[in-house]
Amino acid sequence: MASVRTSSSRPYHLVVFGASGFTGQFVVEEVARTVSEGPRGNLKWAVAGRSKQKLEQVLEQAASVLGKPELRTGVDIIVADVEEPDSLAAMCKQAVIVLNCVGPYRFFGEPVVKACVENGAHHLDISGEPQFLEGMQLNYHNQASDKGVYIIGSCGFDSIPADMGVLYTREQFKGTLTAVESFLTVKAGPEGGCIHDGTWQSAIYGFADSHKLQSLRKKFNYKPLLSVGSKLKRRGALFYSNEIQQYTMPFMGSDPSVVKRTQRFLVEEHQASPVQYGAYAGIGGIGNVIKLMFAGMLFWLLVKFSFGRDLLAKNPEFFSFGLFSKAGPTRKQMEASSFRFVLHGEGYTEELDPSQGKPNGKICTLVQGPECGYVATPIAMVQAALTILNEATALPKSGGVYTPGAAFAKTTLIERLNKHGIKFSVI
């Protein structure tokens, strides 16, 4: 079993790396809220990043927001930089778990994973970048397994609601679940909302390198997963969804990739029956459809060329019609935002043989919670870390590179999330 204990040489349960970034600030605040949930009611933690001064400002802001003046002096600071391997090694040697908030991960993620594996620290990230996530599995799974280190990707809004939501749906279905389609809707308050520029940067280079993802996947030499029941049909690039009563498109994030990897793990390691999965996101009425089509065509045109990518990267608000911004959302915008993630499943009820006829049962579940990127994501990431610290015996027997569903299938992560405002229910 992997080690999750602190020691004199490894004093911190958690180190938040990239704490001075936009998302890192909110992860720091979430860790500070949950210190009593650590092992034996205690959590030893530190913040890390390139600039000591900026990290001091992060702690100052967290102390002010949370009304916890002790954060100003009671949390240690570690100076570490992705371009300085020795500093990463020194950081990882002191941590049981590194919460890596430094993105885009395709540029800055691998040195941190490498340092964690080599120095015995578990690693959680909030990446929604399939190329990075699958690349880390290809390159580091065996080494992490040998070292007893857990490398668990996509532990934020991408892709815990989807991955754990599919597992929850299967658990609640009385019989053999064969397929799930998810439909995401996001609600903003009167002041609107936006997404920080970092996600936009990841999208630009993710789409530009999409051909590399296909060649990466070929290196795994996977055999196709045999589906049970009717084959799940892909929907169109744009359609009106009766499930959520609005125009809808395929979800462009990491959810389909992550869920499929989890299903493969459960088939290969636990002889489970695989669940097919399709992910979609609501975009609203016809006005939003027109804006999206125009922005999408422009994006696809520009992302193919380096000068176009530079234009997109420098002008997120203009090219996304205000959906992305360099400043990110305000706290007031975050407080008024929320998400609903509806999962429609089908399968064979207990009295029917899955090898006979079409699926005869249906189920609908819901994952709902606060603002996706900077409220729900820190909650999911921190609860995943606390699950590792408190439930090590329920994790996979050996270390390795895992999806959230593969790592946490036998834990109480869903119950923990329920207590913190990310609610799972049958509807």
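1. Is Arg-40 buried or exposed? In this predicted model, Arg-40 is exposed, because its relative accessible area is 87% and the exposed class begins over 50%. The residue belongs to the loop that runs between helix 1 (22-33) and strand 2 (45-49). Its backbone also deserves a remark: phi of Arg-40 is near 55°, which is a positive value in a residue other than glycine.

2. Gln-271 should be read alongside that point. Here, too, phi is near 55°, a positive value in a residue other than glycine. Gln-271 sits in the loop between helix 11 and strand 11 (276-284). With a relative accessibility of 63%, Gln-271 counts as exposed.

3. Two cis peptide bonds call for attention when the backbone is inspected. One is the bond from Gly-103 to Pro-104, with omega near -5°. Pro-104 is placed in the loop between strand 4 (95-100) and helix 5 (105-108). Another is the bond from Asp-158 to Ser-159, with omega near 5°. In that case Ser-159 lies in the loop between strand 6 and helix 8 (160-172).

4. The interior should be considered next. The structure contains 1 cavity of 30 Å³ or more. The largest cavity encloses about 50 Å³ of space. Its lining is formed by Asp-125, Phe-132, Leu-133, Met-136, Ile-151, Ile-152, Gly-153, Arg-261, Val-401 and Tyr-402. Two or more of the lining residues come from each of helix 7 (130-147), strand 6 (150-152) and strand 15 (400-402). Helix 7 makes the greatest contribution, with 3 residues. Sorted by class, the lining of this cavity comprises 7 nonpolar, 1 polar and 2 charged residues.

5. The second largest pocket is a separate item, holding about 670 Å³ of space. It is lined by 30 residues, of which His-141, Phe-265, Glu-269, Pro-396 and Tyr-402 are the closest to its centre. Helix 7, helix 11, strand 15 and helix 17 (404-408) each give two or more residues to the lining of this pocket. Helix 11 supplies the largest share, 6 residues. The classes in the lining are 15 nonpolar, 9 polar and 6 charged residues.

6. A reader comparing points 4 and 5 may wish to follow Tyr-402. This residue is listed in the lining of the largest cavity, and Tyr-402 is also listed among the residues closest to the centre of the second largest pocket. Helix 7 and strand 15 likewise appear among the elements that give two or more residues to the cavity lining, and again among those that do so for the pocket.

7. Helix 11 (residues 255-270) also includes Val-259. Where does Val-259 stand, buried or exposed? Val-259 counts as buried, because its relative accessibility is 0% and the buried class lies under 20%. Computed from C-alpha to C-alpha, Val-259 and Ile-379 are 20 Å apart in space, and 120 residues separate them in sequence.

8. On the surface, Leu-301, Phe-305, Phe-307 and Leu-311 make a nonpolar patch of about 400 Å². One of these residues, Phe-307, is in helix 13 (residues 306-314). Phe-307 counts as exposed, since its relative accessibility is 53% and exposed means over 50%.

How values were computed. Residues are numbered from 1 along each chain as its sequence is written. This is a predicted model: local features need pLDDT of at least 70, side-chain atom pairs count only at pLDDT 80 or more; totals for chains, interfaces and linings use all residues. Side-chain values use heavy atoms; hydrogens and water are left out. On a 1 Å grid over the protein atoms alone, a cavity is a set of points where a 1.4 Å probe fits but cannot get out, and a pocket is an open set with protein on both sides within 12 Å along at least five of seven lines; lining residues have an atom within 4 Å of a point. Grid points are joined across faces, edges and corners, and a volume is the space filled by probe spheres set on the points. Helices (H or I, at least four residues) and strands (E, at least two) are DSSP runs, numbered from the N terminus. Ala, Val, Leu, Ile, Met, Phe, Trp, Tyr, Cys and Pro count as nonpolar, Asp, Glu, Lys and Arg as charged, and the others, Gly among them, as polar. Patches are made of residues with over 30% relative accessible area and no salt bridge: like charges are joined within 9 Å, nonpolar side chains (Val, Leu, Ile, Met, Phe, Trp, Tyr) within 5 Å. Accessible areas come from the Shrake-Rupley method with a 1.4 Å probe; for residues, only the protein chains shown count as cover. A salt bridge is a side-chain nitrogen of Lys or Arg within 4 Å of a carboxyl oxygen of Asp or Glu. Buried means under 20% relative accessible area, exposed over 50%, partly exposed in between (1.4 Å probe, protein chains only).
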